[in-house]
Amino acid sequence: MIKKLYNKKSKDILIENLEAETFNRITCSFYNYIKINSPFDFRNKLYSLFHTLNIFGRIYVADEGINAQISVPSHNWAKFLKTISEISELSDVQIKKAISEGISFYKLVVKVKKEIVAYRIPKNKYNMKIIGKHLSTEQFNSAINKEQTTIIDMRNIYESEVGKFKNAEIPQVEKSKDLLPEVRRMLKGREHHQVLLYCTGGIRCEKASSFLINEGIENVKQLKGGIIQYAHDIKKNGVKSKFIGKNFVFDARLGERVSDDIISNCHICNKSSDIHRDCKNDACHILFIQCQECERDLNGCCSDKCKEIASLPIETQKDLRKNRNSPDKRRYFKSPQL
Ligand SMILES: [Zn+2]
Ligand SMILES: [Zn+2]
């Protein structure tokens with residue numbers, strides 16, 4: 001029998017299958033910076049093991065490590081933990097459950113990549129053995145209040161748009177490859193500051209902190225486990241969150257609420273809203289923020305143009321898609337691939 005090492009079913013069938021499931025799933029994530037000797041073999045091994053456990057999600061493998069966001073059937077949770085503990089490259093990873101559950105993934109994708117976080121900086125600009133000090137939620141909360149402190153959000157601008165630490169500075173870049181040079185520029189003249197970094201789950205700060213230390217910024221610290229761990233700890237300890245709004249996530253949920261604050265506005269009517277949407281026009285799929293009223297008016301599309309296209313018969317849409325052209329140039333972030 002030929003082993004199936006990737007998914008071959010269509011998206012519609014996969015979603016139907018997911019909706020018909022009679023059990024719960026647990027969404028979680030983990031990462032590890034560790035030398036993977038043969039990323040392709042490792043990828044195949046992981047795909048087989050996780051496929052057997054009916055795990056969905058998105059996993060990146062590179063020779064520098066692994067980054068995984070997955071959804072595990074709850075009846076397979078113990079088996080999943082055992083499987084992880086038996087893979088030497090993963091035996092000590094911190095597995096973080098999602099802040100709030102919901103349909104996250106509907107298939108398993110395991111990809112070999114050049115880097116697990118694509119900053120595209122040369123290897124001689126960082127050393128993963130020298131990274132910023134990890135701070136727990138409690139330590140991070142008290143570090144925020146110190147004098148001469150700079151807090152930097154290490155995520156994309158569409159992520160910090162709906163949620164961030166109150167006094168965090170947001171690097172104004174649209175591409176990951178521009179992020180670290182921009183953060184370095186922002187810290188010019190503040191090299192002696194305590195620099196606090198955070199991201200969704202911690203993975204992006206590991207490499208970023210190493211890069212900044214290499215640049216001569218000595219007092220770099222990072223939030224251990226990122227916003228996800230922070231939100232869990234805040235809830236558990238009944239402490240007021242210094243993170244306001246939502247935690248953006250790269251799956252069908254698009255966000256998890258951390259505090260009740262709504263810090264962004266609808267991109268259509270400018271009313272207060274922090275609901276990210278993926279434009280319903282299949283040829284568009286822009287990621288944007290839209291309030292419920294505008295969602296109703298535009299049938300979940302980003303513009304009248306997309307609404308018009310989305311309402312055409314599917315065959316006509318397919319023809320239009322061939323001459324694919326973005327309908328409106330306001331904000332161009334592609335929705336995360338699920
Ligand atoms: Zn609106
Ligand atoms: Zn659109």
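Reader: How many aromatic pairs does the structure hold, and what makes two rings a pair?
Author: This is a predicted model, in which local features need pLDDT of at least 70, side-chain atom pairs count only at pLDDT 80 or more, and totals for chains, interfaces and linings use all residues, while side-chain values use heavy atoms and leave out hydrogens and water. Residues are numbered from 1 along each chain as its sequence is written, and chains are lettered from A and ligands numbered from 1 in the order in which they are written. The structure holds 13 aromatic pairs, where rings of Phe, Tyr and Trp (its six-membered ring) pair if their centres lie within 6.5 Å, with planes under 30 degrees apart counted as stacked, over 60 as edge-to-face and the rest as tilted.

Reader: Why is the pair of Phe30 and Phe80 called tilted?
Author: The ring centres of Phe30 and Phe80 are 6.4 Å apart and their planes stand at 40°, so the distance meets the limit and the angle falls in neither the stacked nor the edge-to-face range, which leaves tilted. Phe30 belongs to strand S1 (residues 25-33) and Phe80 to helix H3 (residues 77-85), 50 residues apart; helices (H or I, at least four residues) and strands (E, at least two) are DSSP runs, numbered from the N terminus.

Reader: How do you know whether Phe30 and Phe80 are buried or exposed?
Author: Buried means under 20% relative accessible area, exposed over 50%, and partly exposed in between (1.4 Å probe, protein chains only). With 1% for Phe30 and 0% for Phe80, both count as buried.

Reader: What kind of pair do Phe50 and Phe80 form, and why?
Author: Their ring centres are 5.8 Å apart and their planes meet at 65°, so this pair is edge-to-face. It joins helix H2 to helix H3 across 30 residues, and Phe50 is buried, as is Phe80.

Reader: What makes the site of the zinc ion (ligand 2) tetrahedral?
Author: Its protein donors are Cys279 (SG), Cys284 (SG), Cys302 (SG) and Cys306 (SG), at 2.3 to 2.4 Å, which fits the rule for donors (N, O and S atoms within 2.8 Å of the metal, or 3.2 Å for Na, K and Ca). The angles among the four donor atoms run from 107 to 116°, and four donors count as tetrahedral if all angles lie between 85 and 135 degrees, so the site qualifies.

Reader: Why does Pro39 count as buried?
Author: Pro39, which lies in helix H2 (residues 39-52), has 16% relative accessibility, so it falls under the limit and counts as buried.

How values were computed. Four donors count as tetrahedral if all angles lie between 85 and 135 degrees; four count as square planar and six as octahedral if opposite donors are over 155 degrees apart and all others between 65 and 115; anything else is irregular.
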